[in-house]
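Okay, thanks everyone, I'll keep this informal. Have a look at the chain on the screen and then I'll walk you through it.

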Amino acid sequence: MSDPVEDMVCVEVDGLTLEIGVAPGAALLDARLAALIASAIAAANRAAGPAQGAVAVVVDDDERIRTLNRLWRGLDKPTNVLSFPSPDTQPGATRTLGDIAISYETAAREAAAEDKSLADHVAHLSVHGFLHLLGYDHESDDDAEEMEGLERAILARIGVSDPYVAREAEG
């Protein structure tokens, strides 16, 4: 059964209000996750925004993310990150940009398989999810190239290695 998200952290940075909830199981893996997510999203907003408004982020287990993925995307499996852009078009600080859901279990497996830290992988997933809230996608090759280039630049600014190097080396 999913851990209830107990600790909610509210952070205001660069015109964004971030409400970040981390499940106890995720906090056991890395107690810094909320701060890492806030830092990564702030960096993404400085590079790709600036957007103003509210973003809610939840870090939970595979079961919870699988449920969300099934309900909203029709895919009955967990995934590393989901983004739910808000249809709210009101400008300014009262605008809701949307929600991001990260599976710490999937992220931990991927990080181990790719020989990277959970912190770096969650930072990448946070940036990726936030860019989706801003309207970026990777449906076409050109869009993917643009989004990945932006992710690389943002992550480099916060000291996270290029997350796409291993994939490109494979082929």
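I'll start with the fold, go on to the nonpolar core, and finish with the salt bridges.

One thing up front: this is a predicted model. So, the fold. The chain has seven helices and five strands. If you read along the sequence, you get β-β-α-α-β-α-β-β-α-α-α-α. There are 171 residues in the chain, and 42% of them are buried. As for contacts, take the ones between residues at least 6 apart in sequence: 59% of those join residues at least 24 apart. The accessible surface is about 8,800 Å², with 50% of that belonging to carbon and sulfur atoms.

Now the inside. In soluble globular proteins, nonpolar side chains tend to be buried together. Here the largest nonpolar core has 38 residues, and Ile-100, Ile-102 and Phe-130 are the ones with the most contacts inside it. Which elements feed that core with at least two residues each? On the strand side, β2 (16-22), β3 (53-60) and β5 (96-103) do. On the helix side, you have α2 (33-48), α4 (104-113), α5 (118-133) and α6 (141-157). Helix α2 gives the largest share, nine residues.

Let's zoom in on Ile-100. What does Ile-100 touch, once you leave out residues up to four places away in sequence? Among its contacts are Val-55, Ala-56, Val-57 and Val-58, and also Val-81, Leu-82 and Ser-83. Then there are Ile-41, Ser-126, Gly-129, Phe-130 and Leu-133 on the list too. Apart from the big core there's another one, of five residues, including Val-58, Ile-65, Leu-82 and Ala-101. So Val-58 and Leu-82 turn up in that five-residue core, and both of them are also touched by Ile-100.

On to the charges. Side chains of opposite charge can pair when their charged atoms come close. The whole structure has eight salt bridges, and I'll show you three.

Number one is Arg-46 with Asp-14, where the closest N and O atoms are 2.5 Å apart. This pair links distant parts of the chain: Arg-46 sits in helix α2, Asp-14 is in the loop between β1 (7-13) and β2, and they're 32 residues apart. Are the partners buried or exposed? Arg-46 is exposed, at 52% relative accessible area, while Asp-14 is partly exposed, at 40%.

Next up, Arg-66 and Asp-76, at 2.8 Å from N to O. Arg-66 is in helix α3 (residues 62-73), and Asp-76 is in the loop between α3 and β4 (81-85), ten residues apart. Both count as partly exposed: Arg-66 has 36% relative accessibility, and Asp-76 has 42%.

The last one is Asp-162 with Arg-152, with 2.7 Å between the closest N and O atoms. Asp-162 lies in the loop between α6 and α7 (165-170) and Arg-152 in helix α6, so this bridge ties together parts that are ten residues apart in sequence. Asp-162 is partly exposed, at 30% relative accessibility, and so is Arg-152, at 23%.

Finally, back to Arg-66 and Asp-76 for a second. Which residues are joined with them through salt bridges that share partners? Arg-70 is the one to add, giving a single network of Arg-66, Arg-70 and Asp-76.

That's it from me, happy to go back to any of these on the screen.

Terms used
Residues numbered from 1 in each chain as written. Predicted model: local features only at pLDDT ≥ 70, side-chain atom pairs only at ≥ 80, totals over all residues. Heavy atoms only, no water. Helix = DSSP H or I, 4+ residues; strand = E, 2+ residues; numbered from the N terminus. Buried < 20%, exposed > 50% of the residue type's maximum accessible area, 1.4 Å probe, protein only. Contact = heavy atoms within 4.5 Å. Areas by Shrake-Rupley, 256 points an atom, 1.4 Å probe, with all protein chains shown as cover. Core = buried A, V, L, I, M, F, W, Y, C linked by side-chain atoms within 4.5 Å. Salt bridge = Lys/Arg side-chain N within 4 Å of Asp/Glu carboxyl O.
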